[in-house]
Amino acid sequence: MHLGLILPELTLLVFAIAVILVDLVTQKKEVLVWVSLFGIVISAGFTLGMWGWGSYAIFNNQMAVDSFAIFFKLLFLGIAALVILASVDYTAKFANFRGEYHALVLLAALGMMLMAATTSLISIYIAIELTSISLYILVGLLKDAKSTEASLKYLLLGAVASAVMLYGMALVFGFTGEVGLGEIARVVQGMSLATLLASPAFMVGIVLMIAGFGFKMAAIPFHMWVPDVYEGAPTPITAYLSVASKAAGFALVLRVFYSAFGFPDWLSLNWGIIFAVLSAIGMTVGNVAAIPQTNIKRMLGYSSVAQAGYLLVGVATVGLSAAADVVGRSSVLFFLASYALTNMGAFIAIIAISDKLKSDQISDYSGMGKRAPLLALGLTLCLISLIGMPPAAGFMAKFYIFSGAVQHGLLWLVIIAVINSVISAYYYLRVVKVMWLGEPASAEKVPSSGALKLALALSCFGVLLLGILPGIVMRLAEIAAKMFGF
Amino acid sequence: MPHQLLWLIFLLPLFSFIIISFVLRPFFNDKPQLGGYTTIAAIGGSFVISVFALFAVMANEGHALPVPDIEWVLIEGGLSIHLGLLVDSLTAVMLIVVTLVSLMVQIYSQGYMHGDPGYHRYFAFMSLFTASMLGLVLADNLVFMFVFWEGVGLCSYLLIGFWFHKPSAANAAKKAFIVTRLGDFGFLAGILALYFNTGTFDIAELHHLAITGAISGTILTWVAIGIFSGAVGKSAQFPLHVWLPDAMEGPTPVSALIHAATMVAAGVFLVARTFPLFAHSMEAMTTVAIIGGFTAIFAASIGLVMTDIKRVLAYSTISQLGYMMLGLGTGGVAIGIFHLFNHAFFKALLFLGAGSVNHATGTFDMRQMGGLRKVMPWTYATFVIASLSLAGVWPLAGFWSKDEILASSLESQPILFYLALITVFMTAFYMFRAIFMTFGGEYRGGAPEAHGHPHESPPVMVVPMVILAVLSVVSGFWNVGGQFDAFMGHGGGHGPGFFTVLTHPLPLLSLMVAILGIVLAYAVYSAKWLSAEKLRGMFGPLHTMLARKYWFDELYEDVFVRTSMLNGFFAGLQQFDTNVVDGTVNGVADGTIAGGRAVRQIQTGQLQLYGLFIGIGILAIILSVLFLG
């Protein structure tokens with residue numbers, strides 16, 4: 001047994017159960033926040049302790065404990081902590097479900113941590129379901145019409161995506177006779193190119209798996225759920241979906257496609273091109289669709305589709321460079337870390353502002369620079385980072401991912417991405433303009449709680465740190481990009 | 001001392017800036033003194049570490065210390081930028097100058113800025129300036145040097161315009177920023193040309209390449225000229241000198257720190273830092289020497305007739321910076337930097353003295369002062385010491401470095417030597433003219449709205465002045481016997497002794513010329529053997545020309561800015577912008593917005609449709625993979 005190596009996951013499970021139990025006995029629901037945060041900190045401590053130990057395959061090759069998994073586990077734990085901090089006030093909207101809320105946030109984090117570590121098709125499916133089911137419930141927790149509709153849509157489309165993905169996994173299993181990623185890679189490498197070319201079922205299986213993962217990543221054309229669900233879900237959960245769930249999807253794609261389908265070059269070139277095309281369409285549609293939005297959550301929904309497009313530039317680079325170069329994988333990791341901090345920061349500011357205004361309309365953000373200067377400043381920084389302007393993290397992330405792509409012959413894709421970045425500046429900066437140059441609707445200040453301020457400050461600090469001193473995290477990302485078995 | 005600690009020299013003032021801006025100013029606005037204490041503590045810490053750094057470099061025989069660097073951007077197989085420190089003898093000397101003068105100025109500012117509503121803002125900018133200046137001195141590659149170069153320029157802008165409600169201050173700030181930017185353009189072009197020819201920004205590597213001859217010829221000359229044009233802007237050399245006199249609109253301690261001792265000397269430092277590039281191009285060296293020598297006498301001549309004490313000092317600074325350039329262009333790093341080192345102390349002291357006088361009288365106009373010798377004995381004594389040092393009177397600091405510059409220019413550029421010698425005379429004359437007008441005779445009432453009798457400044461202002469006065473006397477002793485030259489790797493430590501120097505003809509000559517200048521100033525402005533008015537009448541047109549500063553402001557503003565730029569070039573640009581650029585942008589924007597509406601049509605909210613799109617999407621991918629792939 002390898003229980004020692006899954007201590008972070010076990011801890012989270014124990015605390016998720018503890019939260020529910022504590023919820024039964026206490027009236028002071030603030031305790032739940034502390035219990036959850038405590039669990040996350042302990043879990044993060046265990047995870048951090050494993051950095052640099054080396055790589056292990058555990059549970060009969062179902063899971064790997066390697067630097068790649070640890071990088072993502074820390075990312076998910078950090079995001080979960082920010083989500084919990086950001087929902088301290090928000091949870092008043094569903095006062096009766098606070099215990100469930102916190103437990104489900106922890107369980108979703110647990111699922112995502114498993115997603116980053118799984119190395120077999122079966123455990124991948126289980127991890128995805130654990131994550132998804134927790135999130136389906138969380139999306140519907142507001143219990144109003146929009147939230148319920150969002151939850152139902154998410155559930156149904158998620159089920160479709162799961163089914164498609166399972167079908168793809170079945171085809172891949174049928175073709176190779178293996179479920180472990182390493183074993184699949186060995187079988188595929190043992191085959192001649194002629195066999196591969198003569199087996200459309202294998203390629204179809206891979207495409208169907210892309211569809212399943214694409215749903216999680218919010219990649220086109222599997223993104224249709226995004227605006228509706230983002231708008232209807234409780235805002236902290238929208239943030240969670242847009243950041244952690246997406247990152248988990250990318251973790252899976254990187255591991256599966258790199259470990260199982262990384263060789264031969266013909267194969268990786270093929271899926272590299274698929275991702276490149278999805279990336280080009282995704283960022284263009286996401287950015288163009290974001291322009292006419294009037295609801296800030298919907299706008300950030302399309303923005304998240306576009307950001308997934310930028311991230312896929314890195315995945316395409318992995319396909320085109322295969323094992324040759326670490327830059328594709330490490331740049332995706334760095335981009336995810338930067339995007340996570342940025343988007344969390346933006347959503348935290350939105351939670352703070354919209355909760356007081358009772359509105360998600362961009363026009364209601366008018367004059368926020370006067371009514372809530374610190375929140376407006378934080379949101380401005382995050383929006384600048386989403387555009388990809390220095391000194392924010394987004395600049396370095398885009399620079400990193402694009403320069404890797406250019407090195408590996410994806411200049412055309414980078415040109416499209418840069419044009420898209422310019423288009424995106426329009427709708428991001430529109431919010432900035434409304435906040436600082438618009439006339440405030442009333443002179444009344446918009447107060448916010450200490451927990452929200454802390455969460456926003458932490459995010460903004462991270463955004464600046466990654467933008468000004470990116471070397472540290474780049475180094476970590478490069479170490480993490482060297483996965484188990486490679 | 002572990003070498004990592006050297007990072008703190010730069011980081012401490014930066015932290016001070018962050019603390020003042022983000023903690024003290026928002027939350028402790030009612031306790032302004034905290035900002036001053038934070039700044040002093042941070043810069044004091046930097047000074048202590050700088051002293052250790054100096055001793056460490058001495059123990060290392062002037063060679064660079066191995067300081068661990070930071071990976072700033074790192075992309076495997078691609079770009080990698082390291083943040084590193086270059087701490088050699090040149091840096092060590094500059095560190096002492098910057099931290100010591102800054103420390104004295106911050107202490108002095110406690111008194112000078114007392115009660116100003118922008119107290120926190122003042123110390124925040126001062127901290128940021130000191131951090132940038134130290135970063136500029138410490139940077140080991142040209143990119144970061146350029147970043148901090150712009151950083152000090154920004155702080156200079158912010159501090160000149162510190163009292164931004166005064167239109168003259170706001171305009172002066174703008175002028176300083178724009179004029180120096182002209183030079184920076186050349187600097188940036190020089191850096192880029194270097195990079196394209198060598199592939200590196202690293203200063204130590206560039207030294208190596210220049211010394212081994214890997215870069216040479218015309219390219220080297222043009223790169224050196226480009227870098228020098230940055231130095232011309234920053235150090236207010238002819239023809240970009242016009243911003244510095246106007247910069248006197250800032251608070252006087254700012255003038256002392258930024259526009260006398262440190263930032264304006266950054267141009268000299270830049271040339272010294274990249275000196276191997278200059279040393280291997282005859283043309284570049286000659287350019288530096290000629291610009292420096294000409295600026296020295298040109299600015300000194302204007303200083304002869306200024307009536308505003310700060311403007312006298314400003315032109316004196318320009319002139320002395322020209323001296324340093326002359327030293328660099330004819331002698332080398334050690335000679336130019338030694339004058340920079342000495343000049344920093346006595347010129348900062350002169351500015352602090354002018355501030356002290358202003359504190360008492362409410363004006364900078366020397367015609368309204370006079371007779372302050374008795375009421376302000378400390379200010380008077382320190383001002384005289386600094387002036388003697390600046391005039392180059394044995395055995396004060398200025399004597400030692402000025403003498404070396406004269407000697408080196410006599411060796412390689414005899415014409416410039418004579419200009420420099422005349423400048424010695426002018427320097428002595430205008431400084432003692434200022435002393436006699438300010439401190440001699442009877443009090444002429446101060447500013448029109450002045451309040452009561454002038455009085456000596458408080459100890460918090462006087463003590464830093466006394467410390468700087470001591471330094472203005474002794475700092476020159478470092479090179480007695482050639483010790484400083486040896487430290488900078490120039491010569492083997494042979495030089496004239498403390499007394500034997502007076503047996504050489506050249507030092508004796510320059511001393512005589514300086515004393516002649518002092519005597520003439522005494523004759524005109526103190527003993528009144530000669531009437532100033534009569535002299536002015538005798539040299540009428542000449543006086544007008546000097547008083548109007550050779551009409552350079554008019555030339556730049558009317559001819560270049562208004563006629564050529566505003567009505568010519570910019571008007572054309574505006575046409576292009578409205579018609580071509582805006583037209584294109586609007587067209588693209590309309591197209592994109594139409595696209596956005598179209599996409600919105602698809603997003604109906606109907607679940608079945610979403611599922612259909614997933615299906616169609618998968619089908620499209622599969623088909624294209626099977627038939628195209």
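Colleague: What share of the contacts in chain A with a separation of 6 or more comes from residues 24 or more positions apart?

Modeller: Happy to start there. Two residues are in contact when their C-beta atoms, placed from the backbone, lie within 7 Å. In chain A, residues 24 or more positions apart account for 81% of the contacts with a separation of 6 or more. In chain B, 79% of contacts between residues at least 6 apart join residues at least 24 apart. A word on conventions: this is a predicted model, in which local features need pLDDT of at least 70, side-chain atom pairs count only at pLDDT 80 or more, and totals for chains, interfaces and linings use all residues. Residues are numbered from 1 along each chain as its sequence is written, while chains are lettered from A and ligands numbered from 1 in the order in which they are written.

Colleague: What is the radius of gyration of chain A, and what does the globule rule give for 486 residues?

Modeller: The radius is taken over C-alpha atoms, and the globule rule is 2.2 Å times the number of residues to the power 0.38. Chain A has 20 helices and two strands, where helices (H or I, at least four residues) and strands (E, at least two) are DSSP runs numbered from the N terminus. Its radius of gyration is 21 Å, close to the 23 Å from the rule, so chain A is as compact as a globular protein of that length. The C-alpha trace of chain A spans about 70 × 55 × 40 Å along its principal axes.

Colleague: How many residues of α14(A) are buried?

Modeller: A residue is buried if 20 or more other C-beta atoms lie within 10 Å of its own, exposed if 12 or fewer, and partly exposed in between, with C-beta atoms placed from the backbone. For α14(A), 28 of its 31 residues are buried, so to speak of it as mostly covered is fair. Helix α14 of chain A runs over residues 327–357 and reaches 44 Å from its first C-alpha to its last, close to the expected 45 Å; the expected span is 1.5 Å times one less than the number of residues. Just after α14(A), A:Lys358 takes a positive phi of about 60°.

Colleague: Which residues touch the most other members of the largest nonpolar core?

Modeller: A nonpolar core is a set of buried Ala, Val, Leu, Ile, Met, Phe, Trp, Tyr and Cys residues joined through C-beta atoms within 7 Å. The largest has 207 residues, and A:Ile79, A:Ala80, A:Leu106, A:Ala109, A:Ala211 and A:Leu336 touch the most other members. The helix that gives the most to this core is α14(A), with 19 residues.

Colleague: Where are the buried residues of α22(B), on the same side or not?

Modeller: Here we look at an arc, that of the directions from the helix axis to the C-beta atoms. In α22(B), the buried residues are B:Pro507, B:Ser510, B:Leu511, B:Val513, B:Ala514, B:Gly517, B:Ile518, B:Ala521 and B:Tyr525. They cover an arc of only 160° around the axis, which puts them on the same side of α22(B). On the other side of α22(B), B:Pro505, B:Met512 and B:Ala523 are exposed. The buried residues of α22(B) pack against α17, α18, α19 and α23 of chain B.

Colleague: How many residues of chain B are in contact with chain A?

Modeller: On chain B, 31 residues are in contact with 37 residues of chain A. The largest share of that side of chain B, 11 residues, comes from α26(B).
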